[in-house]
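I opened this notebook to record what I looked up in the structure, entry by entry. The sequence and coordinates come first, and my notes follow.

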Amino acid sequence: MNDMVFSSISGKKTALVLDQKDNAGVALVDLAAGDVCTVIEDSGTEYEVTVVENIAFGHKFALADLEKDQPVFKYGEEIGKMKIGLPKGGWIHNHNMYCDRGMK
């Protein structure tokens with residue numbers, strides 16, 4: 001497993017991603033709409049994610065645009081699928097994500 005850490009421009013950790021497959025980041029602080037996080041991967045690759053709505057501590061947000069029914073990965077595991085399309089930086093929660101594991 002490759003660790004990746006999100007940092008704000010000031011270097012303060014703001015969110016966490018633990019696996020290269022992840023398309024959801026977990027907020028380590030309350031994030032306000034418009035906050036910009038810089039993703040720094042183990043490989044040295046960097047990119048920015050601007051959250052488009054308020055994200056509370058411990059909640060997930062999209063690292064890239066997500067399509068309806070696209071799997072959501074957190075900590076390297078699929079945790080559900082999107083009910084709707086969601087832009088990069090959007091809040092991922094039970095209002096817009098579903099899990100069909102118990103329904104099969």
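Entry one, the charged pair. I began with Lys-81 and found that Lys-81 is buried, at a relative accessible area of 19%, which places this lysine under the 20% cut-off that I apply for burial. I keep in mind throughout that the model is a predicted one. I then looked for a partner and found that the side chain of Lys-81 forms a salt bridge with that of Asp-100, at 4.0 Å from N to O. The two residues are 19 residues apart and the pair links distant parts of the chain, with Lys-81 in strand 8 (residues 77–82) and Asp-100 in the segment after strand 10 (97–98). Asp-100 also counts as buried, because its relative accessibility is 16%. My count under this rule came to 1 salt bridge.

Entry two, the sheet around strand 8. I noted an open sheet of 3 strands, in the order 7-8-10, with antiparallel pairing. Strand 7 (71–74) and strand 10 are the edge strands, each of them pairing on one side only. Between strand 7 and strand 8, which run antiparallel, I recorded 4 bridges, and I wrote down that Lys-74 has Glu-77 in strand 8 as its bridge partner.

Entry three, the loop before strand 7. Is Glu-67 buried or exposed? I located Glu-67 in the loop between strand 6 (60–62) and strand 7, and I list Glu-67 as exposed because its relative accessibility is 60%. Setting aside residues up to four places away in sequence, I found that Glu-67 touches Met-82, Ile-84 and Gly-85. For Glu-67 and Gly-85, which are 18 residues apart along the chain, I noted a C-alpha separation of 4.2 Å.

Entry four, the nonpolar cores. The largest nonpolar core has 12 residues in all, among them Ala-15, Val-29, Cys-37, Val-51, Ile-55 and Phe-61. Strand 2 (13–17) and strand 4 (36–40) each supply at least two residues of this core. I followed Ile-55 further and, leaving aside neighbours within four places in sequence, I found Ile-55 in contact with Ala-27, Val-29, Asp-30, Leu-31, Lys-60, Phe-61, Gly-89, Gly-90 and Trp-91. Apart from the largest core lies another core, of 8 residues, which includes Ala-62, Met-82, Leu-86 and Ile-92. I closed the entry by marking Met-82 as a residue that belongs to this other core and that is also touched by Glu-67.

Conventions. Residues numbered from 1 in each chain as written. Predicted model: local features only at pLDDT ≥ 70, side-chain atom pairs only at ≥ 80, totals over all residues. Heavy atoms only, no water. Buried < 20%, exposed > 50% of the residue type's maximum accessible area, 1.4 Å probe, protein only. Core = buried A, V, L, I, M, F, W, Y, C linked by side-chain atoms within 4.5 Å. Contact = heavy atoms within 4.5 Å. Pairing = 2+ DSSP bridges.
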